[in-house]
Each structure stands twice: as structure tokens, then as C-alpha cells.
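Colleague: I'd like to talk through the aromatic side chains here. Could you take me through them one by one?

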Amino acid sequence: MLLIHCPYCDATRPELEFTYGGQAHIARPLDPSALTDAEWENFLYIRSNPRGRHRERWRHTHGCGRFFNAVRDTVTDRFAATYRTGETGPSDADLGGAQ
Amino acid sequence: MSGYRLPAGGLIDRKAPVRLLWDGEGYTGFSGDNLASALVANGVSLFGRSFKYHRPRGLLGMGAEEPNALVTIDRGPGRVTPNLRAPALPVYEGMAATSQNRYPSLKYDLGEVNNSLSTFLPAGFYNKTFMWPRAAWEKLYEPAIRRMAGLGESPKASDPDHYEAVYAHCEVLVIGAGPAGIEAAITAAKADPAARVVLIDEQEEIGGGALSDPDLWDWLKAAYDDISALPNLQVLPRTTGIAYLHDNYVAAAERLTDHLPISEATGPRERLWRFRAGEVILAQGAIERPLVFDGNDTPGVMLASAGRTLALRYGVAPGRAVAVVATHDSGWTDAIAIAKAGVNVTTIIDARATVSADLLAAARAQGITVMTAHSVIGVKGRLEVTAVETASTAGSISSTIPADCLLMAGGWTPTLHLWSHSKGTMKWDDAWGAYLPDQPFENTRVVGAGAGDWSFGSGETFAALPTPRPAHKLKAFVDFQNDVTAKDIRLAVREGFRSIEHIKRYTTNGMATDQGKTSNINGLQIASESLSKPVTAVGLTTFRPPYTPTTFGTLSGHHKGALFQPVRKSVIDPWATAHGAVFENVSQWRRARYFPQGTEDMHAAVNRECRAVRASVGIFDASTLGKIEVVGPDAAEFLNRMYTNPWKALEPGRCRYGLLLGEDGFIRDDGVSARLAPDRFHLTTTTGGAARVLNMMEDYLQTEWADLDVWLTSTTEQWAVIALQGPKAREVIAPLVDGIDLSPEAFPHMALREGTICGVPTRLFRVSFTGELGFEINVPAEHGRMVWEAIWQAGQPHHITPYGTETMHVLRAEKGYIIVGQDTDGTLTPYDAGLAWAVGKKKKDFVGKRSLDRPDMVAPGRKQLVGLLTEDPNVVLEEGAQIVANPAQAIPMTMLGHVTSSYWSEALGRSIAIAMVAGGHDRMGQTLHIPMPDATHRVTVTGTVFLDPKGSRLDV
């Protein structure tokens with residue numbers, strides 16, 4: 001039962017209160033009609049699948065209802081950081097080295 | 001007859017006898033006994049029959065590790081539990097226990113024939129046999145194997161007990177209350193009086209190994225006093241730590257009533273503890289290993305620690321002539337200790353060449369014959385041990401020693417199941433011949449024997465005891481519960497299995513309910529010997545929760561029956577119940593499906609309801625529809641971006657059917673929505689899609705278009721929605737409505753008006769899902785019932801008929817209105833579904849628009865929605881039936897699509913169906929075929945609107 005820190009509530013809550021929201025920092029193109037089919041496919045379907053730190057989204061569904069971002073290690077399930085929508089969050093260097 | 005009660009000693013209460021039944025016969029034990037100790041005290045040595053070979057089996061261990069003595073306890077109807085370990089069951093007055101896996105009796109079991117067939121039943125035999133003839137598998141082999149497999153019998157009645165669950169936060173959780181755990185808990189509680197410390201143990205009382213060591217009983221008494229003086233230390237016996245999960249979350253199952261006589265058992269049967277601990281201290285000790293030799297599963301052969309526990313903790317001699325075979329000093333200390341307590345220990349056989357002089361002297365002082373550099377090579381006796389065959393480790397046969405009990409001391413394996421759950425790593429220790437904990441992952445540490453911090457003396461590791469006898473003739477058991485022998489493991493290696501994970505699964509070693517507590521390391525040693533690799537190169541299999549078998553009821557707690565899932569009911573539900581509705585579940589909502597009258601079955605009721613709606617007027621509860629209030633200056637802009645339709649030009653007071661796609665271009669949801677004001681929309685979604693749609697919208701608003709000034713409120717439960725459909729609908733509500741001009745000129749189809757009905761505010765929609773004149777009367781939910789009843793009364797002169805979801809489905813199908821999730825399956829675009837008209841042609845962008853141009857999405861041959869009319873009008877196709885062009889083609893046939901909706905249509909006097917068919921739009925008029933088991937049906941492809949294609953019935 002993971003504990004996740006909601007950056008909006010500033011509280012650490014059990015994972016039951018949250019829903020996973022996929023890979024983070026994928027901005028919807030401002031003008032989709034300008035994209036080639038390959039570029040659109042990339043936006044729709046292609047996602048990273050790292051063994052290690054993954055930047056992803058969570059929603060505090062049974063809490064404040066906000067979407068936020070997180071850095072989670074996919075092997076250990078440890079959360080290195082959570083940060084608000086729109087923020088860039090810590091870089092790998094900030095977290096102590098590349099992964 | 002082997003075991004018997006010693007005249008003195010033990011922690012039992014000799015003044016409190018307890019009567020119990022074992023296989024129907026009465027026995028007497030004492031309060032403080034468990035089932036195993038009570039039966040051994042009465043001379044019972046036969047406890048069960050092994051899983052595969054049905055070999056007679058006795059008690060092996062006196063703890064959680066016991067693999068053989070699995071019994072069924074009967075505590076009344078619905079309270080019969082199979083596969084319980086006898087040493088884990090405290091006796092109570094009237095306890096009724098039976099043995100398992102034997103027919104007709106434990107002593108005379110027909111299944112023992114498997115033992116004679118054992119050559120044909122090695123590990124994995126079922127992967128190589130029972131293949132031919134194929135037909136025999138279903139009718140003969142499988143039923144036979146199923147009857148033979150398994151140990152206890154599954155309960156047939158529902159569990160009438162209830163189970164509790166509780167959350168607990170503590171600074172320190174200590175799991176295991178042996179000496180190391182007790183000390184750790186007391187230390188933690190004393191160190192910080194503000195810290196909440198919890199100490200749990202799976203046994204009936206705390207003390208662990210100290211309970212079997214009278215030298216420690218004074219220390220234990222002092223510890224009890226210490227504990228009672230610490231208000232911040234909570235002790236929970238009968239509580240098994242079953243799982244150690246992320247972030248120091250530990251699940252433990254506490255037994256509350258199973259130790260009590262049935263008449264005293266009240267309240268919940270078990271309690272699930274969900275701990276969140278600052279620090280977890282694991283003090284689960286170590287489990288003794290059996291030795292591997294021919295006949296080591298004969299009843300009367302048991303672990304030396306079991307012999308000690310029986311004698312010193314329960315005052316029971318395990319036999320009248322006890323022999324001991326050891327490769328570890330602890331076998332000696334156990335033998336000497338029980339001899340001092342009055343047990344007749346005759347011989348100690350040790351495979352080691354040298355044993356400490358102190359132990360040799362102490363043993364001889366008790367009159368025990370010692371045989372070092374000797375091995376046990378066989379056991380005589382079938383239903384119980386009669387003699388032990390020995391040989392020197394060099395290979396010469398020496399003697400046959402009469403005995404009725406043989407204790408084995410093969411070394412100790414630290415118990416690291418929960419450590420492993422928590423992703424702690426392990427490292428091999430040659431001295432222990434086992435894995436010890438290495439690096440923690442969570443905030444945890446291991447203390448005591450589990451960490452290798454205990455002295456049982458020293459020992460030598462033998463994968464199997466040396467024997468001059470040919471290996472293929474021996475039955476030397478490694479996993480007692482799954483009947484896995486040393487031969488099986490060597491066979492697996494010969495057959496090419498290299499990884500311990502594969503060897504485990506092929507032989508099933510370590511896969512029984514005891515999770516390899518007595519077999520993992522022995523199996524690993526034998527495998528590593530066969531593979532000629534060091535143990536560390538072979539590895540160790542993963543431990544998974546639960547640590548010991550756990551009752552399903554404990555895990556599900558209150559989540560069963562009516563509390564399994566929330567049942568959402570609209571405010572109209574009680575009226576529907578009172579009027580005989582038959583209900584169905586739609587998502588978590590309970591919805592009236594039809595309202596049978598008299599002896600009507602569903603078809604008769606639905607036909608009547610359909611006729612009534614089209615002839616006059618029907619009333620339907622649509623309150624479950626999802627509703628979202630969309631408010632703000634950017635409300636229209638937001639909806640424009642989300643839906644396929646254009647919204648900006650929609651005037652206040654008008655409605656529009658909205659289509660929602662995913663970015664992939666496939667239909668996700670739909671609904672009719674109304675504009676109340678330039679900055680306010682009343683959006684509807686499907687019943688099942690409400691939460692999903694709101695979540696999707698919030699996603700875009702929060703993470704993509706945060707600049708838009710609009711906010712969303714779920715109003716699904718705030719509005720009751722009464723659908724009134726049929727030519728008389730307007731006449732029925734006219735007298736009830738105030739402040740709204742209902743005339744067709746003032747109130748056209750697909751419009752919304754605000755006013756009052758029966759004196760309460762209403763958002764009155766003129767919309768139709770039936771193709772008849774219709775209204776959806778939205779009132780605040782608290783007034784829903786009152787307004788429904790008023791409309792019901794007002795409709796009596798017009799023979800108003802309540803109808804349910806089934807009729808609703810038929811009527812909309814006649815008009816070709818799709819149901820998202822039934823006629824669509826997540827792979828249809830608006831064009832596929834015939835909804836191109838709902839896509840705003842001039843819109844630059846909306847969610848999913850870009851995907852509609854993908855080559856795949858415009859390619860010919862896509863599945864498209866069409867209507868199907870059967871050649872025989874009385875045939876109603878089955879939903880899901882597959883459609884082919886040529887029924888004569890070879891199997892597997894090319895399937896063109898499937899039937900999504902299918903009904904009998906009263907209005908048309910024949911069946912209708914909607915289907916997804918490849919290239920459907922270009923197949924109008926074609927004949928296709930639906931192969932079914934009993935017949936193949938011919939159908940003609942048509943459009944999806946079967947009734948009133950011009951919509952003139954709406955225009956009234």
C-alpha cells in the first residue's frame with residue numbers, strides 16, 4: 001500500500017485515494033492538424049517504459065481531485081518527488097544522478 | 001501406541017481436562033493443549049494421508065511449519081474448515097476434528113494404491129501422461145484426477161461468520177514474540193514512552209521458543225511483568241503477520257473465537273489488522289530442517305524441536321523408545337533435555353564424524369547410546385515407526401534399532417518470509433546452511449534467530465543422508481505436503497530444468513500450503529548438488545503473502561453480500577419496488593428492467609410496455625443519467641474543444657446531441673445537453689460513463705487548458721429525471737406545469753424550458769429516446785418521488801404505463817439510436833456509427849479530430865453499424881452472434897462482425913437487430929449469414945432506422 005504525497009493537499013495519503021494518470025509532460029499539440037501521421041501516432045501511443053525513474057501523473061481522485069506529477073522508480077516503486085501541474089519538477093541531477 | 005502423557009511437566013493445566021473428538025472417537029486432553037499434543041498424548045501417531053501417494057503420515061513439526069497433520073474442524077453448519085494444521089489448533093471442550101484425504105478411513109485407505117503405482121507417478125507425471133485418447137480426458141481422466149487431488153474438502157455452505165478489519169498506526173511493530181521479539185518490544189517501549197509499540201505473535205500465547213525451554217520460564221515471567229507495566233506496549237497473541245507490503249504496511253490476521261467452545265463464540269471470528277508502522281522489527285525465529293533419508297515420512301518421524309516442544313511445553317513423551325538422528329548440535333541438546341524430563345531416549349545417530357565432547361558426555365550421562373559417523377538409511381514400520389536402520393557413513397550396514405519415534409535435527413532455517421515480502425535481500429551463510437537477511441529495503445530489521453543471532457550450536461549440512469542403498473529405490477521426502485522426494489528433484493535436473501524457479505514448479509517442491517518452510521533449503525541443496533553448482537548460483541524462490549493460509553472472510557471483511565458493492569438507487573426506486581419491478585444492475589445503479597403484470601414473463605411485459613408507449617404514454621425513470629453543470633465564460637469554448645459538435649452557436653433554451661471521442665478518434669460517450677445561458681450548460685452523459693467523462697474533462701481543464709475560465713460540477717444525483725414518452729405526453733403534464741408554454745410552436749423538439757412542475761422548479765427538456773413525443777422532466781432529486789406520483793396520477797386517464805430499461809432499449813433500437821458501449825466497443829469512429837452529422841465540419845479542432853484522418857480510420861472495410869432483418873421474422877438473433885458472408889466456408893471462417901443489439905419489435909411485428917459489419921454501409925440489401933449451433937440464419941442488411949424514418953411521430 002504505497003504512500004503518496006499530494007502536493008496540493010500537502011499530505012501523504014495511501015494509494016487507494018489516487019488514480020494513475022500515465023506518463024507526464026506530454027503536451028497536447030496546439031495544432032494537431034499540422035502534425036504528420038507519424039507525429040500524431042507518437043503523441044497518441046508512444047510512451048517511455050523505463051526501468052527506473054518515471055515521470056508520471058496521478059490524480060487525487062478521493063481527495064482534492066487535482067492532477068499532479070510524480071517521479072517514481074518503476075523497480076522499487078519509491079516516489080522521489082511529487083510536484084504540481086505545470087511545474088517541471090526535479091531533474092535527474094537534482095535527484096542525485098542520471099538513471 | 002507410541003506417545004503418552006508424562007506424569008509431570010509442561011505448561012498445560014492438568015486440572016482442566018478437555019474432551020474432543022478425532023475421527024469420531026473421544027479423547028481427553030488438557031486446557032493449554034493443541035490438537036497435536038492432545039492426540040500424541042493419547043498414543044495417536046497417524047494424522048493423515050499424503051497428497052499424491054496416500055502414504056500414512058504423522059506429525060512432523062509443532063508449529064506453522066507442520067505439513068502433514070492437516071485436519072478438518074467442524075464448528076457447525078457453514079463453519080467446517082479444512083486443511084488446518086493440528087499443532088496450530090488449541091483444544092476446546094467439544095472440539096470435533098477429522099482427518100482428510102482418505103477413504104474409507106485413515107487406517108485403511110484405498111488411495112494407498114497410489115503408493116504402489118509411485119513409479120508411474122513421479123513429479124510432473126501429469127505433464128507426460130493422460131494424453132491419449134483425447135476424448136478420455138474430459139470424461140475420464142480429469143474427473144478422476146480431480147477426485148483424487150486435493151487434501152480437505154471445500155466447504156459447501158456459506159460462511160455465516162462476520163469478520164472485522166481495523167487500521168492501526170504505531171511507531172514500532174514487532175512481529176514474533178519469542179525471546180528476541182519480546183526484548184525488542186520492551187526496549188522500544190521503554191526507550192520512548194510516547195511511542196506506540198505493538199508486539200504480535202501467531203501462537204496462543206507469547207514466548208516462542210522459550211515456552212519449550214523451562215530454563216527460560218523465570219525470564220519469561222519477568223518479561224510478562226515488564227510488559228504489563230508498559231502502557232504504550234500492546235501485545236496481540238493469536239495474530240499472524242501475513243504480509244509485509246509497501247511503506248511499512250503490514251497485514252495481520254487475529255483469531256478471535258476459534259479457540260473457544262462453540263457456545264462461547266460470539267462476535268467477529270477474525271480481525272484483520274492493517275498496520276502502518278514507523279519501524280518493523282522482524283523476530284520470527286528459525287524453523288528446523290528435516291533430514292532426507294529413505295522412509296523419513298513414516299509416522300513417528302518428526303523434528304527434534306517438535307519432540308522437545310511436546311515433552312517440555314506440553315508434558316507429552318513423543319514415544320516410548322525414542323531415537324534421534326542429527327547433523328546438528330541442537331538435536332543433542334533436545335535429546336538430552338527431554339531425557340531429563342523422563343522420556344526414554346535410546347540412541348543418537350549423528351552423521352558427523354566428530355561431535356563435541358561435552359555433548360557426548362551429557363548424552364551418555366542420560367544413558368543414551370551415541371553413534372557418530374553414522375547415518376539412518378531406512379525406517380521400518382508402515383503406520384508407525386517400529387525400527388530405525390543405520391549404517392556407518394562409510395557405507396557398511398550396522399544395525400536395526402527398535403524405536404517408535406525418530407527425531408530429526410537437520411539444522412535451522414531463519415524465517416525470512418516477511419523480510420522477503422518487504423524486498424529485503426538475503427545472503428547465503430555456510431555455517432547455517434541457509435540464507436540470512438542482508439540489506440533491508442523498508443525501515444525494518446531482523447532480530448534473533450531470524451538474523452542468525454541465536455546459538456543452536458553448530459552443525460554440518462547434508463543435502464541427503466549418505467546411504468549405500470541405490471538412490472532409485474529410496475523414498476526420501478523433501479516436501480512432505482506435496483509428496484516430493486529427492487529422486488523427483490534429481491529427475492527435474494536430469495530432464496533439463498536448471499533454474500530453481502523451474503525446478504520448484506516442475507516438482508511442486510515448496511508450493512504447498514506450508515510454502516516450503518521445511519522443504520525449500522533441502523530442495524535447494526539437492527538441486528545444487530545435482531547441478532554441481534554452489535547453492536548461491538542456483539538461487540532461492542520468492543516468498544509471497546500470506547505467510548500461512550488465511551481465511552477469505554478475514555480478507556474481505558464486511559465487503560460481502562449487500563456491502564460488496566454500493567448499490568445506487570434513484571429516489572423513484574421504492575415506487576418501482578412497490579409496483580413489482582424486476583431490476584437489473586447498470587454500473588452500480590439498480591434500475592427497473594420491466595414491470596411484469598400478473599403472470600407475464602419478461603417478453604410479455606416488454607411487448608405490452610412497448611405498445612403502450614407508442615399508443616399512448618409511458619413513464620420511465622432516467623435519473624441515473626450522468627449530469628454535469630458546465631459554468632463559466634469559456635463554457636461553450638470548452639465544450640467545443642471536447643465534443644465533435646459545434647456548441648458556440650447553440651442558443652440558450654436549445655438542446656444538442658453531443659458525441660465525445662477519445663484523442664484516438666473512437667466514440668467514448670454521448671448525451672443530449674442543453675444550454676441554459678451563454679455561460680451555463682446542463683450536460684448529460686451515459687449512466688455508466690458519468691464519472692469517466694467528468695474525469696476526462698477535468699484532465700483537460702487542469703492539465704491542458706488551464707487558461708479556460710470554466711468549472712464543472714457533477715449533478716448526477718442532484719436531479720431526478722422522469723422521462724415521459726408517447727403521443728399523450730404533453731396532455732399528461734400540461735395541468736402540472738407552470739410558467740412554460742408547452743405548445744409545439746413555443747416548445748419545439750430538442751429544446752429546454754425552465755419553470756415549475758407541481759410547484760417545484762424544473763428544467764423541462766423536450767427530448768426523445770423513443771421516437772415518440774417526449775419530455776425529460778428534471779426536478780431536484782428531493783422532489784422526484786412526489787412529481788413522479790403526480791404524473792402517474794395525471795396519466796391514469798391515458799393508461800399511463802411504467803416501463804423499464806428493457807423496453808427503453810427496444811424502442812430506441814427501432815429508431816436506430818445507438819447505445820455507447822453496446823453498439824460501440826471502443827473501435828468505432830463517428831463515421832462508422834453513422835453519426836457523421838454530429839461532427840462539426842467547420843471546427844478546426846476537437847478531441848479526436850486529428851485521428852479521424854489517419855489512413856486506418858478512412859480505409860475501406862472498416863466495421864460499420866447497420867441494421868439486420870432476419871429472413872424468418874420470428875427469429876430473434878443472439879447479441880454477440882458472429883456474421884459471415886459464406887456459411888459454407890471452412891472453419892475458421894472469416895467473420896465480418898457481430899450483432900450488437902437484437903430485439904423483438906412489437907411495432908413492426910418482427911425481429912430487428914443492429915450489428916457491426918465490415919464495410920457495412922456498402923452492403924445495403926446484401927444477404928449475410930449468422931451461424932449458430934442449431935441453425936444458420938439468413939439476414940438482409942438494412943439501415944439502422946426501422947420505424948418512422950422521417951421522424952414524423954416526433955413532430956407533434
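Modeller: Happy to, and bear in mind that this is a predicted model. Let's begin with a charge over a ring: K517(B) has its charged end sitting over the ring of Y547(B), 4.2 Å from the ring's centre.

Colleague: Which ring does the charged end of R57(B) sit over?

Modeller: For R57(B), the charged end is 4.7 Å from the centre of the ring in question. That ring belongs to F477(B).

Colleague: And ring against ring, how many aromatic pairs are there over all chains?

Modeller: That takes a search of the whole structure, chain by chain and across chains. The aromatic pairs come to 23.

Colleague: Are the rings of Y20(A) and W58(A) stacked or edge-to-face?

Modeller: Their centres are 5.4 Å apart, with the planes at 70 degrees. Planes over 60 degrees apart fall outside stacking, so the Y20(A) and W58(A) pair is edge-to-face.

Colleague: How many residues apart in sequence are the parts that this pair ties together?

Modeller: Y20(A) belongs to strand β3 of chain A, residues 19–23. W58(A) is in strand β4, residues 53–59, so the parts tied together are apart in sequence by 38 residues.

Colleague: Is W58(A) buried or exposed?

Modeller: Its partner Y20(A) has 43% relative accessibility and counts as partly exposed. W58(A) is at 9%, and the cut-off is under 20%, so W58(A) counts as buried.

Colleague: What about W137(B) and Y141(B): which helix holds them?

Modeller: They form a tilted pair, 6.5 Å centre to centre with 55 degrees between the planes. Being four residues apart, they are separated by about one helical turn of chain B's helix α3.

Key
Residues are numbered from 1 along each chain as its sequence is written. Chains are lettered from A and ligands numbered from 1 in the order in which they are written. This is a predicted model: local features need pLDDT of at least 70, side-chain atom pairs count only at pLDDT 80 or more; totals for chains, interfaces and linings use all residues. Side-chain values use heavy atoms; hydrogens and water are left out. Rings of Phe, Tyr and Trp (its six-membered ring) pair if their centres lie within 6.5 Å; planes under 30 degrees apart count as stacked, over 60 as edge-to-face and the rest as tilted. Helices (H or I, at least four residues) and strands (E, at least two) are DSSP runs, numbered from the N terminus. Buried means under 20% relative accessible area, exposed over 50%, partly exposed in between (1.4 Å probe, protein chains only). A charge sits over a ring if NZ of Lys or CZ of Arg is within 6 Å of the ring centre and within 35 degrees of the ring normal.
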